[in-house]
Amino acid sequence: MFGWFKKKKKDEVAPGAAGQTTFEVESPENEAKPLVDGLARTRSSFMDRVESLFLGKKKVDNDLLEELEEILITADLGVSTAQELLECARTMAARDELADSAALKIILKEKIVAYLEASSGGHDLNMPDSGPLVIMVLGVNGVGKTTSIGKIANKYSRAGKKVLLVAADTFRAAATEQLQIWGERIGVDVIAREAGADPSSVIYDALDSAQGRDCDVIIVDTAGRMHTKVNLVEELKKIKRVMGKKIVGAPHELWLVIDATTGQNAISQARLFNEAVDVTGLVLTKLDGTSKGGIVVNICRELNIPIRFIGVGEQINDLRDFEPHEFAEALFTNN
Ligand SMILES: Nc1nc2c(ncn2[C@@H]2O[C@H](COP(=O)(O)OP(=O)(O)O)[C@@H](O)[C@H]2O)c(=O)[nH]1
Ligand SMILES: [Mg+2]
């Protein structure tokens with residue numbers, strides 16, 4: 001999905017990436033925590049239940065289908081997705097094609113991949129023709145913005161990119177410190193000002209000084225809380241405008257961080273932010289902390305915004321590129 005971290009053939013240049021071939025680098029992906037580990041909780045609640053559906057049953061009857069419906073809804077796939085999957089299982093049963101859990105798993109997996117592909121497959125980053133890629137990161141407090149920025153910056157930096165971080169969450173002093181700690185840890189510069197400084201002016205100054213630094217990517221951390229919700233949205237719009245004045249086309253990417261453990265609430269948050277600033281990608285965190293990883297499918301279908309990364313833990317390597325096939329594979333892997 002990302003030109004940056006895909007192992008590309010030499011002559012394969014991503015569209016719109018003219019002059020950006022230096023971004024095509026080997027992936028440090030093998031250092032990341034395996035997805036199968038990150039999804040263990042979801043797998044053990046969702047898949048184990050699918051497996052046990054057929055235990056001791058000779059045929060697919062209404063009871064079994066009802067139980068399946070409950071499993072699908074409990075996994076947070078979303079009501080319409082659950083209904084569609086159930087309909088499909090019913091049709092298969094009517095044709096005697098649903099003999100066991102293996103047959104059911106094959107069809108569920110196929111459908112889930114198709115849903116994920118539809119929103120998150122093959123969406124390249126909106127790379128600028130020249131100059132640094134500017135990524136603005138947003139999301140409510142506590143969802144994992146700063147942590148994800150640290151992980152993403154580490155990934156980019158290890159892949160040979162020059163990264164600059166901007167601490168524009170000036171609402172809390174601790175937020176700036178947290179980003180600075182990440183910066184020190186991964187060896188990446190962080191531009192910060194005192195708590196309470198106007199975020200737009202921090203960004204204006206940061207982008208100014210970035211121009212002399214020859215960096216490849218600038219990631220801006222923003223506040224997830226203001227005095228009111230309206231303030232937050234207005235502030236984010238303002239920050240976006242300021243960036244565009246300083247660097248043409250910036251922010252090129254607007255990534256919304258959402259916490260997978262908050263279920264439907266994550267979807268409502270995404271709608272609110274998307275209306276305000278046109279989100280271009282999602283970072284879905286804390287998948288390790290939920291047994292309802294089906295929310296990923298729900299998010300893809302409800303929002304139709306590509307998922308860029310998923311967080312599967314608090315450590316630096318607990319971040320994965322989101323690849324629909326890999327995700328479905330991990331979800332359906334036998335323990
Ligand atoms: N288990 C788990 N915890 C996470 C993940 N991402 C972030 N966190 C934790 O969530 C908490 C809030 O993160 P933080 O980055 O400060 O959120 P922010 O307020 O949005 O910047 C911290 O304790 C992080 O360690 C993840 O993928 N998995
Ligand atoms: Mg933060």
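**Exercise 1. Determine how the residues around ligand 1 in this predicted model divide by class, and which element supplies the largest share of them.**

Step 1. Sort the shell around ligand 1 by residue class: three residues are nonpolar, nine are polar and five are charged. Glycine is counted among the polar residues in this scheme.

Step 2. Identify the residues that come nearest. Of the 17 residues around ligand 1, these are G142, K145, T147, D288 and E314.

Step 3. Assign the shell to secondary structure. Helix α6, spanning residues 145–158, gives the largest share, with four residues.

**Exercise 2. Find the polar partners of the oxygen atoms of ligand 1, and state how much of the ligand's accessible area the protein covers.**

Step 1. Apply the cut-off: a polar contact requires a pair of N or O atoms within 3.5 Å.

Step 2. Examine the backbone. A polar backbone atom of K145 lies 2.8 Å from an oxygen atom of ligand 1. For G311, a polar backbone atom is 3.4 Å from an oxygen atom of the ligand.

Step 3. Examine the side chains. In T146, an N or O atom of the side chain is 2.9 Å from an oxygen atom of ligand 1.

Step 4. Turn to coverage. Ligand 1 on its own has 580 Å² of accessible area, of which the protein covers 81%.

**Exercise 3. Describe the largest pocket: its volume, its lining and its relation to ligand 1.**

Step 1. Establish the volume. The largest pocket holds about 300 Å³ of space.

Step 2. List the residues closest to the pocket centre. Among the 19 lining residues, they are G142, V143, G144, T147 and K286.

Step 3. Classify the lining: one residue is nonpolar, 11 are polar and seven are charged. Helix α6 contributes five residues, the largest share of this lining.

Step 4. Relate the pocket to the ligand. The largest pocket is the space that ligand 1 takes. G142 and T147 are thus named both among the residues nearest to the ligand and among those closest to the pocket centre.

**Exercise 4. Locate the cis peptide bond that ends at P251 and the positive phi of D96.**

Step 1. Inspect omega. The peptide bond from A250 to P251 is cis, and its omega is near -5°.

Step 2. Place P251 in the fold: the residue belongs to the loop between α9 (229–246) and β5 (253–259).

Step 3. Inspect phi. D96 is not a glycine, yet its phi is positive, at about 60°.

Step 4. Place D96 in the fold: this residue is in the loop that lies between α4 (79–94) and α5 (101–120).

Definitions and conventions: Residues numbered from 1 in each chain as written. Chains lettered and ligands numbered in written order. Predicted model: local features only at pLDDT ≥ 70, side-chain atom pairs only at ≥ 80, totals over all residues. Heavy atoms only, no water. Near = heavy atom within 4 Å. Polar contact = N/O pair within 3.5 Å; in protein donor to acceptor, adjacent residues only side chain to side chain. Areas by Shrake-Rupley, 256 points an atom, 1.4 Å probe, with all protein chains shown as cover. 1 Å grid on protein atoms, 1.4 Å probe; cavity = no way out; pocket = protein on both sides within 12 Å on 5 of 7 lines; lining within 4 Å. Sits in = over half its atoms within 2 Å of the grid points. Helix = DSSP H or I, 4+ residues; strand = E, 2+ residues; numbered from the N terminus. Points joined across faces, edges and corners; volume = space filled by probe spheres on them.
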